[in-house]
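Colleague: I should like to see how each term is justified by its definition. Shall we take the terms in turn?

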Amino acid sequence: SGTSRPVRILHHVQKVAQYGDAQSVLSAVDSYCSKIEWAMNVGDLKGQILDAVVLETRPHYVLELGTYCGYSTVRIARLLPPGARLFSIEMNPQYAQVAREIIQHAGLDVDILVGCTSDLIPQLKKKLDIEKFDFVFIDHWKVSYLRDTKLLECDLLRPGSVLLADNVTCPGAPDYLHYMRTSPRYESQYFPSRLEYLSRGGGGALPGIKLLLNVT
Ligand SMILES: O=C(NCCO)c1cc(-c2ccc(F)cc2)cc(O)c1O
Ligand SMILES: [Mg+2]
């Protein structure tokens, strides 16, 4: 197929979702990825956990690590009050471009920064006129979760800042999970869930990966 999976998702959103309606964009992505082809969006099941944490935190400054197609970016931005700022870092330029168009279709305003988190995080304070992040959603390369959290601790978090990380058990970020569970700096809470787009009938399959999932 000539197009990439993210571009196919974008085309589906542009075809079926109402312009300016964030919920219809989320529903379009979820129906495409549960019926046609799996993709690594956080999905609706884990997305409900993300929603609850955002609503409870009521953050003004938000950072997302790992934009992909912008699904979780839309999920977060749709719940923020006017004036709040959401920055999302994506290292894959093709993903970032798809995300910009999906976020635009939802009628939302987000700053997508293209580059590697380890390069960009140390520059954020200087680049953006912000003090600290109130909420961080971590969903990029699982091997980078812990390294980037320590970069954030340098001077971008404050007492009460909330970090929420996807995939800490599947595919897994064991060093991050251990650090969060043992560091005196954090109170950690684990939300058992299921991998996105799996609890369904026939339809699309995982990208050629036979998964033995121990579903908790
Ligand atoms: O790599 C991931 N994200 C960073 C992208 O730059 C990612 C992977 C998976 C996944 C993949 C393949 C499988 F078999 C199971 C899970 C799921 C996710 O939610 C993810 O966020
Ligand atoms: Mg994920």
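Colleague: What makes the charged end of Arg-181 count as sitting over the ring of Tyr-190?

Modeller: A charge sits over a ring if NZ of Lys or CZ of Arg is within 6 Å of the ring centre and within 35 degrees of the ring normal. The charged end of Arg-181 is 5.3 Å from the centre of the Tyr-190 ring, and therefore the distance condition of within 6 Å is met. This is a predicted model, in which local features need pLDDT of at least 70 and side-chain atom pairs count only at pLDDT 80 or more, while totals for chains, interfaces and linings use all residues. Residues are numbered from 1 along each chain as its sequence is written, chains are lettered from A and ligands numbered from 1 in the order in which they are written, and side-chain values use heavy atoms, with hydrogens and water left out.

Colleague: Why is the aromatic pair of Tyr-145 and Tyr-176 given the name it has?

Modeller: Rings of Phe, Tyr and Trp (its six-membered ring) pair if their centres lie within 6.5 Å; planes under 30 degrees apart count as stacked, over 60 as edge-to-face and the rest as tilted. For Tyr-145 and Tyr-176 the centres are 5.5 Å apart and the planes meet at 90°, so the pair is edge-to-face. The whole structure holds 4 aromatic pairs.

Colleague: Which parts of the chain does this pair tie together?

Modeller: Tyr-145 belongs to helix H8 (residues 145-155) and Tyr-176 to helix H10 (residues 174-182), so the pair ties together parts 31 residues apart in sequence. Helices (H or I, at least four residues) and strands (E, at least two) are DSSP runs, numbered from the N terminus.

Colleague: How do you know whether Leu-86 is buried or exposed?

Modeller: Buried means under 20% relative accessible area, exposed over 50%, and partly exposed in between (1.4 Å probe, protein chains only). Leu-86 has 3% relative accessibility, so this residue counts as buried. Leu-86 is placed in strand E2. Its contacts (heavy atoms within 4.5 Å) include Val-62, Ile-76 and Val-110, not counting residues up to four places away in sequence.

Colleague: What makes a set of residues a nonpolar core?

Modeller: The set must consist of buried Ala, Val, Leu, Ile, Met, Phe, Trp, Tyr and Cys residues joined through side-chain atoms within 4.5 Å. The largest such core has 40 residues, and those with the most contacts inside it are Ile-9, Leu-50, Ile-76, Ile-102 and Phe-135. Helix H2 gives the most to this core, with 7 residues. Leu-50 is in contact with residues including Val-42, Ile-76 and Phe-135, leaving aside neighbours within four places in sequence.

Colleague: How do you know that strands E4 and E5 pair?

Modeller: Two strands pair if DSSP finds at least two bridges between them. Strands E4 and E5 run parallel and are joined by 4 bridges, and therefore the requirement of at least two is met. One of the residues with a bridge partner in E5 is Val-136, partnered by Leu-163; another is Ile-138, partnered by Ala-165.

Colleague: Why are strands E3 and E5 said to stand at the edges?

Modeller: The open sheet has 5 strands in the order E3-E2-E1-E4-E5, with parallel pairing. Strand E3 (111-114) and strand E5 (162-165) each have a single partner strand, so one side of each is left without a neighbour in the sheet.

Colleague: Which residues cover the two faces of E4?

Modeller: Phe-135 and Phe-137 lie on one side, Val-136 and Ile-138 on the other, and all are buried. In a regular strand the side chains alternate between the two faces of the sheet.
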